[in-house]
Structures are given as structure tokens and as C-alpha cells.
Amino acid sequence: MDNDEILDDIGALVEEERALRQRTGGLLPEERTRLAELEVRLDQCWDLLRQRRAKAEFGEDPDTAALRPAAEVESYRS
């Protein structure tokens with residue numbers, strides 16, 4: 001994946017996340033599960049994009065960046 005493809009994925013995930021969050025009357029259990037999955041996937045995509053940009057900035061091959069496991073990305077501190 002290149003940066004544009006990652007950004008396209010992020011856009012689609014954000015759109016789906018917004019649609020779920022804007023639902024009135026609460027979410028069904030499967031929708032809450034999907035929302036949680038979207039949040040994790042977004043974190044992974046943003047992390048991958050940051051990795052790729054950092055590698056490019058320092059003269060490394062951005063294609064060597066890899067999607068990190070959800071448990072790793074979700075354990076980062078702000």
C-alpha cells in the first residue's frame with residue numbers, strides 16, 4: 001500500500017465510523033462491535049502512515065513499513 005491508498009482507507013473507515021456514531025436510538029451489539037473494530041483499524045492505518053512518512057523522511061524505503069498488531073498499536077500512550 002502506498003500513502004494515498006492508506007489515506008483512502010482512512011477516509012472510508014472514518015466515513016463508516018461517523019455513520020455509526022450519528023445513528024439515533026443507540027447501536028445494536030454488532031454495530032458496537034464494528035465500531036470498536038473501526039477504531040482499532042484506524043489506529044493501525046494512522047500508525048502505518050506515520051511509519052511510512054518517517055522512513056521516507058530519513059531516506060529509508062517506506063515500503064518496508066508494516067502494519068503492527070492491534071495489541072501493539074492500542075497499547076501506545078498519547
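In the predicted model, R23 and E31 are joined by a salt bridge in which the closest N and O atoms lie 2.3 Å apart. The two partners differ in their burial class: R23 is partly exposed, with a relative accessible area of 39%, whereas E31 counts as buried at 13% relative accessibility. E31 belongs to helix α2, where it is listed among the buried residues.

A salt bridge also connects R21 and E39, with 2.3 Å between the closest N and O atoms. This pair links distant parts of the chain, since R21 lies in helix α1 and E39 in helix α2, with their positions 18 residues apart in sequence. R21 is partly exposed, at 49% relative accessibility, and E39 likewise counts as partly exposed, at 32%. R21 therefore falls short of the exposed class, which requires a relative accessible area over 50%.

Towards the end of the chain, the side chains of E72 and R68 meet in a salt bridge with an N to O distance of 3.7 Å. E72 is partly exposed, with a relative accessible area of 35%, and R68 is partly exposed as well, at 28%. Elsewhere, E16, R34 and E37 are joined into one network by salt bridges that share partners. In the whole structure, a search finds nine salt bridges.

The protein contains three helices and zero strands, and its pattern along the sequence reads α-α-α. Helix α1 covers residues 3–21 and helix α2 residues 29–57, while α3 comprises residues 70–74. For α2, which has 29 residues, a rise of 1.5 Å a residue predicts a span of 42 Å; the C-alpha atoms at its ends are 42 Å apart, so expectation and model agree. The helix is followed by G59, which has a positive phi near 75°.

Burial within α2 involves both nonpolar and polar or charged side chains. The buried positions of this helix are E31, L35, L38, L42, Q44, C45, D47, L48, L49, Q51 and R52. These buried residues pack against α1 and α3.

In soluble globular proteins, nonpolar side chains tend to be buried together. In the present model, the largest nonpolar core is made up of 12 residues, namely I6, I10, L13, L20, L27, L35, L38, L42, C45, L48, L49 and A65. Helices α1 and α2 each supply at least two residues of this core. The greatest contribution comes from α2, with six residues. Core residue A65 is in contact with L48, Q51, R52 and K55, when its neighbours within four places in sequence are left aside. Of these partners, L48 is itself a member of the core, and Q51 and R52 are among the buried residues of α2.

Two glutamine residues of α2 illustrate the surroundings of buried polar side chains. Q44, found in helix α2, is buried, with a relative accessible area of 12%. Residues up to four places away in sequence not being counted, Q44 touches L67, R68, P69, A70 and V73. Among these, A70 and V73 lie within the range of α3, 70–74, and R68 is the salt-bridge partner of E72. Q51 also lies in helix α2 and is buried, with a relative accessible area of 12%. With residues up to four places away in sequence again excluded, Q51 touches A65, A66 and R68. R68 thus appears among the contacts of Q44 and among those of Q51, and A65 is a member of the largest nonpolar core.

At the level of the whole chain, the radius of gyration of the protein is 15 Å, against a value near 12 Å for a compact globule of 78 residues. The C-alpha trace spans about 50 × 25 × 20 Å along its principal axes. Of the 78 residues, 24% count as buried. Where contacts join residues at least 6 apart in sequence, 51% of them connect residues at least 24 apart. The accessible surface amounts to about 5,500 Å², and carbon and sulfur atoms account for 49% of this area.

Notes:
Residues numbered from 1 in each chain as written. Predicted model: local features only at pLDDT ≥ 70, side-chain atom pairs only at ≥ 80, totals over all residues. Heavy atoms only, no water. Core = buried A, V, L, I, M, F, W, Y, C linked by side-chain atoms within 4.5 Å. Buried < 20%, exposed > 50% of the residue type's maximum accessible area, 1.4 Å probe, protein only. Helix = DSSP H or I, 4+ residues; strand = E, 2+ residues; numbered from the N terminus. Contact = heavy atoms within 4.5 Å. Salt bridge = Lys/Arg side-chain N within 4 Å of Asp/Glu carboxyl O. Expected span 1.5 Å × (residues − 1). Rg over C-alpha atoms; globule rule 2.2 N^0.38 Å. Areas by Shrake-Rupley, 256 points an atom, 1.4 Å probe, with all protein chains shown as cover.
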